[in-house]
Amino acid sequence: MPERTDHLGHLEHLDVRKTYKLFVGGAFPRSESGRSYAVRAADGSLLANAALASRKDARDAVVAARGALAGWAGTTAYNRGQVLYRVAEMLEGRRAQFAEEVAAAEGLRAGAARRTVDASVDRLVWYAGWSDKVAQVLGASNPVAGPYFNFSVPEPTGVVAVLAPQSSSLLGLVSVVAPVVVTGNTVVVVASEERPLPAVDLAEVLATADVPPGALNVLTGRTSELAPVLAGHMDVDGIDLTGADPSSRAELERLAAANVKRVVATDEDLARTPSLRRLRAFVEIKTVWHPVGI
Amino acid sequence: MTAPLAGPWSPDVATSDAALRRFLHGLPGVDQVGAEARAAMLATRSIKREAKMWALDTAVSMIDLTTLEGADTPGKVAAMCAKARRPDPTDPTVPAVAAVCVYPDLVRVAVEEVSGSPVAVASVATAFPSGRASMAVKLADVRDALDAGAQEIDMVIDRGAFLAGRYGQVYEEVRAVREAVGSALLKVILETGELATYDNVQRAAWLSMLAGADFVKTSTGKVSPAATRPVAVVLLGAVRDFMQAGGRRVGVKVAGGIRTAKEAVSYLVVVRETAGEEWLTPDAFRIGASTLLNDLLMQRTKQRTGFYSGRDYFTID
Amino acid sequence: MTGIETTESTRAAAGPVFDYAPAPESRDIVRLDPQYGLFIDGEFVPAAEGRTFTTINPATEEPLAAVAEAGPADVERAVAAARAAYEGAWGRMRGRDRAKYLFRIARIVQERSRELAVLESLDNGKPIRESRDVDLPLVAAHFFYYAGWADKLELAGFGPQPRPLGVAGQVIPWNFPLLMAAWKLAPALACGNTCVLKPAETTPLSALFLAQICQEAGLPPGTVNVLTGAGGTGAALVSHPGVDKVAFTGSTEVGKEIRKAVAGTHKRLTLELGGKAANVIFEDAPVDQAIEGIVNGIFFNQGHVCCAGSRLLVQESVADLVIDRLRERLTTLRLGDPLDKNTDIGAINSAEQLDKIRLLADVGSEEGAQRWSPPCELPSRGFWFAPTIFTGVSQSHRIAREEIFGPVLSVLTFRTPEEAVAKANNTPYGLSAGVWTEKGSRILWMAQKLEAGVVWANTYNRFDPTSPFGGYQESGFGREGGRQGLEAYLDV
């Protein structure tokens with residue numbers, strides 16, 4: 001874009017370009033490898049250089065997620081809902097910026113990009129509301145045949161790796177991450193490889209929206225490089241393969257067998273109204289028995 | 001009998017309500033469901049055929065043959081005593097029962113009727129069954145029975161005081177009766193059906209043992225529920241713990257509602273599995289009953305002859 | 001039964017005058033054929049290759065029957081039969097009629113429960129008291145429970161029209177042969193799937209009797225198929241492309257293999273795997289009931305229980321008391337003839353399993369833990385292992401980390417609730433846990449912190465069809481029992 005000049009030929013305002021970094025443990029590091037890669041718009045023009053996360057970055061992100069788990073899982077459901085709603089508020093406040101990013105990344109017209117951002121906000125609000133309801137829908141008091149009180153509650157699975165969808169850079173990302181985080185899991189998400197910038201922008205939102213450091217970590221880079229690391233990582237409890245190349249799925253599932261990871265591999269249309277499926281995917285039903293007596 | 005006691009609880013636990021509360025409430029809790037499940041499991045044990053004969057005879061020898069009716073008369077007591085000495089007139093191998101148990105005013109009759117036999121005379125006392133009388137009256141009741149020749153006293157605790165947390169009062173009453181009873185045997189009736197929880201049963205048992213009881217006894221027979229297997233599990237656990245903690249061997253008496261040989265034998269199983277074999281003697285385990293005796297005799301005949309007997313072949317008292 | 005004498009219950013401190021009778025349940029109630037075929041498409045047929053194997057009574061090593069060993073061709077036939085039933089009678093059937101079939105099966109199980117209990121004890125080695133009082137009642141209850149769901153699925157919270165998955169391949173273990181068959185078949189059938197069930201090699205008989213019951217109930221042919229065989233049969237079943245759903249209960253090691261085998265396919269998978277549960281005893285526990293809970297936790301079913309409380313964590317302040325009491329209690333356990341109603345501890349299921357238990361117990365001794373068993377005479381024939389406790393165990397010992405799947409308890413101590421939780425959770429498994437304390441808030445705190453699918457507080461090893469069961473982490477995923485158990489068999 002040609003820069004505007006004043007009558008003296010001086011530049012009116014030279015753009016300050018943003019450095020797109022990773023989001024790990026609440027901080028924005030560059031890749032420890034020092035690598036970056038060129039991110040292009042749908043029209044092929046260069047948008048920015050994004051950090052090209054390495055195996056070690058993935059490992060650091062898992063460490064951060066593990067460290068944040070007890071705190072995030074232990075916070076009240078009400079509080080988690082508030083934090084997610086806060087993310088929606090912040091996203092709402094930056095609609096224009098996100099619409100521009102999404103338009104550039106996905107090659108959408110302005111109106112379509114705005115609608116995508118609006119849908120992303122709505123999706124966050126929808127999932128935020130689930131925080132203190134999911135236990136009531138998935139849990140139960142069980143009428144066992146004996147003098148025992150018995151109840152079941154959903155609890156977070158733990159550290160979950162999410163391979164975000166490749167095409168839908170923001171709505172898709174929000175749709176796969178929100179249900180995992182709202183139930184108390186901590187997440188390492190690998191952003192869309194070719195369209196990572198909205199994810200990094202979202203990370204900036206997260207950083208200012210009371211999301212505890214490490215609860216949600218964002219990596220940019222090659223999905224095919226990071227996915228096997230996360231699928232085989234023994235301290236990752238579950239993995240969502242939505243953004244994985246279909247041809248790599250079998251191998252990733254085999255790697256996930258090492259510690260019996262919970263695996264989600266669905267091809268559902270993320271633009272549609274979501275169901276309970278993703279909320280159910282990364283929770284563990286815990287059942288507690290106690291005698292009833294005097 | 002010298003009352004308490006060497007042991008880790010001594011000597012301060014009985015100095016006040018508060019000290020007793022601290023001690024009794026510091027005992028491990030009893031989970032109702034778990035205790036009942038254990039009792040139910042023990043009820044499924046079946047014993048060997050040769051052992052069964054032994055068990056039936058042992059059960060007979062543990063009986064406190066009891067009549068505690070307003071309608072009791074010297075005639076009724078005399079008849080019962082005859083049965084106590086010689087449960088089955090046709091079979092001299094049947095042992096005598098451990099004791100007969102009557103109201104204080106009938107002790108003299110009972111003493112005469114059992115004299116010369118190994119059968120002891122027990123008397124309920126301390127304003128049985130409610131225990132609602134002054135201490136003076138209760139002690140007079142005890143002395144009355146002893147003066148008439150009772151060798152065993154079955155006293156009741158003041159359940160009202162116990163439930164109100166006046167542990168010191170309950171303790172002092174048992175102590176006072178203990179002193180009055182002297183060398184006679186003291187059984188302390190907890191009336192577990194009124195204590196409502198197994199935790200209370202355990203506490204009342206410990207309280208009684210600390211105060212010098214020779215036996216802890218479940219019930220008066222006038223309150224339902226009377227003896228139950230889970231209560232027996234709890235009491236036998238308490239006497240075991242008391243002994244392991246440096247106390248004496250205190251006996252357990254189950255009373256009320258035990259009518260069949262099968263039930264009686266199942267109590268013996270509970271005794272063996274909970275407190276241990278050293279409790280399987282009339283010195284340490286008693287069964288307060290009346291109609292039970294005939295069922296034991298019938299089952300005994302069945303064991304001996306291989307055929308089921310009939311009620312008319314056993315005397316009704 | 002021959003061998004009663006050799007397997008007669010033995011007890012260390014058996015009293016001179018008062019002993020329990022061998023009270024054997026009559027074996028005659030079970031009539032065994034010399035040979036059993038596979039159950040495919042509603043009929044019992046020999047294996048295509050004609051192979052058989054012998055199943056034995058682990059208490060006596062006496063052969064019970066020859067059983068067909070299914071090969072790939074049999075898997076093919078069974079899956080085809082299940083597919084046909086899914087596309088045919090069973091798939092088209094209304095929920096309320098599926099319900100009635102399941103109710104029928106439940107009733108027949110109840111009617112024949114004594115026979116099935118004896119059969120289970122014969123083939124498995126478990127005490128009749130357990131097969132009679134635990135396994136069989138739960139089998140019937142499980143069919144009853146899921147029968148009622150069959151015509152209510154659209155109201156179960158899985159969307160308006162939940163669909164079944166298709167053909168379910170189900171591989172079950174030897175520790176609760178009939179109960180595990182019920183846990184697999186009942187929800188699958190209620191949801192409208194058809195099944196190919198593979199019972200364990202050492203305990204094939206009760207599944208075949210259940211197949212007879214399916215016949216007796218008039219279940220449409222092919223709805224339930226039973227393939228007996230060893231690991232190869234199971235592997236062929238789970239990797240068969242015609243299977244839409246795989247459900248497995250067994251070791252974590254095999255579970256991981258199955259996970260790999262179905263990787264990249266359309267198959268849904270649920271796994272119920274191993275465990276190394278902590279049973280945590282606080283100083284304010286109801287001691288006598290806790291002792292019973294410890295005993296039931298680890299010696300129930302000879303410790304052949306994935307959720308067994310195999311790691312006892314005792315607060316240091318009461319460790320001596322608890323261990324003394326536990327030892328006393330162990331001397332009253334009665335090991336011997338599984339068919340004796342007084343038996344507490346039956347036979348180890350197989351020579352192979354016995355070797356594994358012996359090996360790990362030896363490792364425990366070598367690692368420096370103190371081993372103790374009550375004086376206990378083992379029968380001369382059959383597979384037996386005395387109840388054993390190891391004290392002085394630390395987290396790093398193999399016997400504190402590896403699933404022994406036998407009557408072996410490792411005792412560790414802790415000082416604070418935080419330490420108890422840290423030690424309890426310090427395992428890749430997460431199936432179950434126990435907590436014993438009289439303090440309500442601590443129970444709930446522990447229940448929250450323990451990473452386990454089932455937490456028993458002031459009780460242990462209780463099961464119910466309404467109560468979801470399943471693991472965290474390497475103990476598997478998916479739940480069996482309850483409304484949640486439907487999820488494993490619906491396309492939701």
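Analyst: Helices (DSSP H or I, at least four residues) and strands (DSSP E, at least two) are DSSP runs, numbered from the N terminus. This is a predicted model, so local features need pLDDT of at least 70 and side-chain atom pairs count only at pLDDT 80 or more, while totals for chains, interfaces and linings use all residues. Residues are numbered from 1 along each chain as its sequence is written, and chains are lettered from A and ligands numbered from 1 in the order written.

User: With those labels in hand, where is Pro225(B) found?

Analyst: Pro225(B) sits in the loop of chain B that runs between strand S6 (215-217) and helix H11 (229-244). The peptide bond leading into this proline, from Ser224(B), is cis, with omega near 0°.

User: Which other bond, from Phe128(B), should I look at?

Analyst: A general idea helps here: most peptide bonds are trans, and most residues other than glycine have a negative phi. The bond from Phe128(B) to Pro129(B) is cis, again with omega near 0°. Pro129(B) belongs to the loop between strand S3 (120-125) and helix H6 (135-147) of chain B. That loop between S3 and H6 also holds Ala127(B), whose phi is positive, about 60°, although Ala127(B) is not a glycine.

User: Which residue in the loop between helix H9 (192-195) and helix H10 (198-210) of chain B is worth a look?

Analyst: Try Ala196(B), which lies in that loop. Its phi is near 75°, a positive value in a residue other than glycine.

User: How do I read exposure, and how many C-beta neighbours does Ala127(B) have inside 10 Å?

Analyst: Count other C-beta atoms, placed from the backbone, within 10 Å: 20 or more means buried, 12 or fewer exposed, and in between partly exposed. Ala127(B) counts as partly exposed because it has 18 such neighbours. Ala196(B) has 12 and therefore counts as exposed. For the chains as wholes, buried residues make up 56% of the 317 residues in chain B and 52% of the 294 residues in chain A.

User: How many helices and strands are there in chain A?

Analyst: Chain A has 10 helices and 10 strands, and its C-alpha atoms fill a box of roughly 90 × 35 × 30 Å along the principal axes. Chain B has 13 helices and 8 strands, with a C-alpha trace spanning about 60 × 45 × 30 Å along its principal axes.

User: What does Ala184(B) touch?

Analyst: A contact means that two C-beta atoms, placed from the backbone, lie within 7 Å. Leaving aside residues up to four places away in sequence, Ala184(B) touches Leu146(B), Ala150(B), Gln151(B), Glu152(B) and Ile153(B). Ala184(B) is in the loop between helix H8 (167-181) and strand S5 (185-189) of chain B, and it is partly exposed, with 19 other C-beta atoms within 10 Å. Its C-alpha atom is 9.4 Å from that of Asp214(B), 30 residues away along the chain. Of the contacts between residues at least 6 apart in sequence, those joining residues at least 24 apart are 75% in chain B and 74% in chain A.

User: At what angle do helix H4 and helix H5 of chain B pack?

Analyst: Axes are lines fitted to C-alpha atoms, for helices over the stretch in contact, and angles run from 0 to 180 degrees between N-to-C directions. H4 (residues 74-85) and H5 (residues 107-114) of chain B pack at about 35°, with their axes 9 Å apart. From H4(B), the residues involved include Val77(B), Ala78(B) and Cys81(B), and those they meet in H5(B) include Val109(B) and Ala110(B). By class, this contact has 9 nonpolar, no polar and 2 charged residues. (Ala, Val, Leu, Ile, Met, Phe, Trp, Tyr, Cys and Pro are nonpolar; Asp, Glu, Lys and Arg charged; the others, Gly among them, polar.)

User: How many residues does the contact take from chain A and chain C?

Analyst: That contact takes 29 residues from chain A and 37 from chain C. On the chain A side, strand S4 (148-156), helix H9 (249-256) and strand S10 (283-291) each supply at least two residues. S10(A) gives the most, with 8 residues. The chain A side divides into 13 nonpolar, 8 polar and 8 charged residues.

User: In which sense do S10(A) and strand S17 of chain C pair?

Analyst: Pairing requires at least two DSSP bridges between the strands. S10(A) and S17(C) (residues 454-457) pair in the parallel sense over 3 bridges, and Trp289(A) has Trp456(C) as its bridge partner.

User: And how many residues does the contact take from chain B and chain A?

Analyst: Here 6 residues come from chain B and 5 from chain A. The chain B side has 2 nonpolar, 3 polar and 1 charged.
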